[in-house]
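Q: Please take a close look at one buried serine in this chain and at what surrounds it. After that, describe the ligand site and the way the rest of the chain is packed.

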Amino acid sequence: MNISKEQFKDDYQKAFTNMYASTLEGGSSTQQYTALGTLLRSYVAEYWRDERERYIKEGQKQVFYFSIEFLPGKFLENNANNMDILDIVEEGCKELGLDFDEITAAEAEPAIGNGGLGRLASCYMDAGASLGYPLHGNGIRYRHGLFRQKIVDGYQAELPDNWLRHRNAWEVRDHKSSVLVRFGGNVYLDGFHPVYEDTDDVVAVAYDIPMIGYHLSTVNTMRLWSAEVPPEEEEEGLASKEKYEAVDEITEFLYPDDSSYEGKLLRLKQEYFFVSAGIQTIMKSFKRYQISPKDLSEKIAIHINDTHPALAIPELMRILLDEEKLTWDQAWEITINTCAYTNHTVLREAMETWRCDMVKKLIPRIYMIIEEIDRRYVEQNKPIYGDELVQSTRPIQDDYLHMAHLAIIGSHSVNGVAGLHSKILSEDVLRDFSEMTPHKFNNKTNGISQRRYLHVANPELRELISECIGEDWLTNPASMKVLLAYQNDQSVLSKLADIKHQNKEKLAQYIKENNGIEVNTDAIFDVLIKRLHAYKRQHLQLLHIIHLYFYLKDNPQADFQPRVFIFGAKAAPSYVFAKDVIKVINEVAETINNDPDCKDKLQVVFIENYGAALAELIIPAAEISEQISLAGKEASGTGNMKMMLNGALTMGTLDGANVEINSFVGDENMFVFGLRKEEVDRYNERASYNSKDLYKSDAKIKRVVDSLVDGTFPRIQIEGQTIYDHLITHNDEYYALKDFHSFVEAQEKAAKLYKNKDEWNKKSLINIANSGPFSADYAVQRYASEIWIAQPKAMRTDKSIVTSHDEPM
Ligand SMILES: *Cc1c(COP(=O)(O)O)cnc(C)c1O
């Protein structure tokens with residue numbers, strides 16, 4: 001948008017005074033932030049309204065992305081960047097005598113997602129708007145997001161997150177869009193008409209946040225629902241204290257676990273709550289198109305992000321049957337054509353199931369519909385596919401509802417999120433389904449926002465790239481490949497190294513302030529940031545660090561490539577192994593950081609409270625990107641893409657999207673190690689891996705593992721034993737010991753390469769140049785053209801985003 005700096009400064013002062021009846025300079029940074037955010041939102045408000053109306057007027061197909069998590073990160077800078085006024089805002093604030101960094105620091109991060117799943121949803125929101133697609137989010141406005149992590153005596157402590165303490169400048173409460181969601185009670189059919197008795201009603205109130213596209217291509221909506229007591233019950237004094245508490249609870253907390261789910265009634269309530277509110281609203285707005293419900297799938301696409309929103313399928317059926325009075329066959333065909341599902345995991349424990357009696361009690365009408373879906377599924381498919389296939393794929397089995405089965409059966413598309421993952425789905429985890437309906441299965445490799453993770457997080461690198469290759473790459477990331485022409489240009493490589501060094505200095509400053517550790521910024525910054533989970537194998541890096549520690553103790557005079565190991569990870573509060581790994585990392589760090597033999601050579605830092613905001617500080621400073629999950633376990637990963645985009649070299653197994661990274665840059669520009677997926681399968685099939693034998697016969701491994709329990713590191717009696725037991729007593733489920741030597745060798749290779757700075761920088765540039773295809777823009781284009789069949793609006797030609805079919809894999 002076009003606005004002068006003077007105009008902005010004037011607007012900002014007025015906005016502040018309107019809001020707080022005082023002067024800008026005297027405000028707290030939180031007030032300064034809130035007024036600034038509110039002002040920027042007001043700049044796009046009319047355009048936002050116009051775009052909403054245009055979508056309806058032009059009858060454009062709308063896509064609704066249902067996700068129980070979003071992880072938007074801070075809005076201010078990213079939105080200002082997308083509005084093309086980041087410079088004006090930043091300079092304007094300075095001229096007004098304000099500290100822009102303090103203002104951005106005052107923004108509370110909406111931690112309404114756990115990690116990768118939610119962050120992916122938010123990257124897609126950004127890409128959708130930037131490309132001019134009518135892509136809208138549908139989720140939950142948790143009053144408390146993911147816990148804040150504090151490290152106390154080396155342990156993770158969980159503190160409540162209160163991101164809404166001060167008002168959220170970006171949201172608009174739209175009570176006129178409220179809808180009623182029914183729970184419990186009895187339902188019986190009067191003919192075909194359901195009659196409800198004694199239901200427990202809840203109102204879903206909409207809070208809308210604008211999703212502002214790059215160069216203001218369009219403004220879409222992320223709609224988050226909040227539960228409230230129905231106003232009628234309140235006014236008539238019918239709502240008890242218990243009712244208020246029960247309603248409040250629904251949107252109070254985000255479940256702090258992103259890979260396995262406790263069978264909690266509240267979780268199921270949350271799922272139906274936001275799904276029902278979203279589907280009802282879609283059907284209401286669909287009426288404005290004035291066409292028959294039979295044509296729903298021409299105007300609407302519903303995306304089910306992981307299984308949590310799978311109740312969208314029976315909920316849509318409910319409305320088509322009970323309210324639109326369609327026949328079952330008509331309703332079912334429409335539902336399938338409208339819905340699509342993305343699978344995000346192959347971990348058994350993360351496959352969502354619910355006890356049928358619970359579903360029946362909580363949402364009786366929906367359960368009736370699910371039973372009918374199940375009954376007809378068996379009846380229709382048994383004659384064609386035989387009993388065995390049908391029994392293994394039906395949604396209801398042994399009194400449990402299998403959400404993935406429901407999602408697959410009720411969708412026209414099922415996708416995995418990286419080449420290897422999609423292959424595992426169709427050949428293994430979901431093989432029976434893919435035998436029956438192969439046409440549904442497809443791959444959509446994940447993508448990331450290059451605007452957030454490069455343009456905004458690393459502006460110096462953005463400048464350098466534009467200096468070299470012009471600005472086309474900003475809207476056409478695949479053309480970053482042109483950078484390859486500079487891989488031997490010493491001046492560019494040295495600028496690249498300077499930028500990395502500055503970013504390391506910035507992170508070092510943060511570490512000094514927050515951890516009290518002065519890290520050596522000439523050392524390799526080796527970064528492992530992601531949720532803590534056994535399959536992601538933070539403990540393998542821990543073993544590697546202990547190995548290096550012993551090496552330094554044995555060879556204090558050795559020529560050693562200095563390294564700073566940086567961790568960031570939250571553990572689910574009930575996940576004992578993960579929490580114990582955090583404790584051991586911190587105690588090992590304490591010993592190493594205080595050992596004179598390690599000084600400036602080996603340092604270990606655990607940065608507390610890793611989340612979307614810290615990611616933007618850490619990623620630009622990363623030199624090695626650790627992606628060390630056991631092959632076959634990580635669906636895709638996106639942290640790997642973000643760090644590649646910022647010039648880190650990947651240390652990785654051939655897992656998830658590491659496989660695609662490898663196919664782009666080749667073995668010579670990353671460090672590949674560890675078992676391949678097929679090898680893991682073979683060991684599993686034959687049950688031929690015995691970690692105890694390996695431990696007993698390998699002195700190096702034995703020494704490292706023993707250090708967890710022999711007092712080498714104080715204060716880890718219990719936690720060290722947990723990891724020891726996992727590795728030895730329970731046979732090392734994720735093959736960390738099996739991959740140990742291969743990992744150590746790859747790490748030695750990295751250390752050696754780093755001594756040749758020119759070579760390192762060249763490889764760094766090659767990684768950046770090849771990261772374009774991982775832009776979320778391309779991922780969203782592929783979803784739109786192959787799954788949603790949705791069109792972008794005609795874009796202004798001067799700044800349009802060029803499409804690329806440079807598909808990973
Ligand atoms: C990108 C991101 C993730 C996902 O990281 P993976 O390495 O893919 O597991 C998790 N949390 C945050 C805050 C992120 O930005």
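A: Leaving aside residues up to four places away in sequence, Ser-629 touches Tyr-535, Lys-536, Arg-537, Glu-634, Thr-653 and Asp-655. The model is a predicted one. Ser-629 sits in the loop between β20 (624–627) and α26. The relative accessible area of Ser-629 is 5%, and buried means under 20%, so Ser-629 counts as buried. One of the residues it touches, Asp-655, also makes a polar contact with Ser-629: the two side chains are joined at 2.6 Å.

Another residue touched by Ser-629 is Lys-536, and this leads to the ligand. There, 16 residues surround the ligand, and the closest are Lys-530, Lys-536, Thr-638, Gly-639 and Lys-642. Three of these can be described by distance. For Thr-638, a backbone N or O atom lies 2.7 Å from an oxygen atom of the ligand. For Gly-639, a polar backbone atom is 3.1 Å from a ligand oxygen. For Lys-642, a polar side-chain atom lies 2.6 Å from an oxygen atom of the ligand. On its own the ligand has 390 Å² of accessible area, and the protein covers 96% of this. The helix α26 (639–645) ends the loop that holds Ser-629. This helix, like α6 (116–131) and α25 (612–618), supplies at least two residues of the shell around the ligand.

The wider setting is given by the domains. The domain assignment gives domain 1 (1–255) and domain 2 (450–676 + 739–770). Their C-alpha centres lie 32 Å apart. Across the boundary, 29 residues of domain 1 are in contact with 28 residues of domain 2.

The last topic is the nonpolar packing. The largest nonpolar core has 200 residues, and those touching the most other members are Tyr-12, Leu-36, Leu-40, Phe-273, Leu-311 and Trp-788. Helix α9 (residues 265–286) gives the most to this core, with ten residues. Both domain 1 and domain 2 give residues to this core, so it lies between them. Not counting residues up to four places away in sequence, Tyr-12 touches ten residues, including Leu-24, Tyr-33, Leu-36, Cys-93 and Ile-103. There is also a second, separate core of 67 residues, with Leu-347, Ala-350, Phe-671 and Val-705 among them.

Definitions and conventions: Residues numbered from 1 in each chain as written. Predicted model: local features only at pLDDT ≥ 70, side-chain atom pairs only at ≥ 80, totals over all residues. Heavy atoms only, no water. Core = buried A, V, L, I, M, F, W, Y, C linked by side-chain atoms within 4.5 Å. Buried < 20%, exposed > 50% of the residue type's maximum accessible area, 1.4 Å probe, protein only. Helix = DSSP H or I, 4+ residues; strand = E, 2+ residues; numbered from the N terminus. Domains from an automatic or database assignment. Contact = heavy atoms within 4.5 Å. Near = heavy atom within 4 Å. Polar contact = N/O pair within 3.5 Å; in protein donor to acceptor, adjacent residues only side chain to side chain. Areas by Shrake-Rupley, 256 points an atom, 1.4 Å probe, with all protein chains shown as cover.
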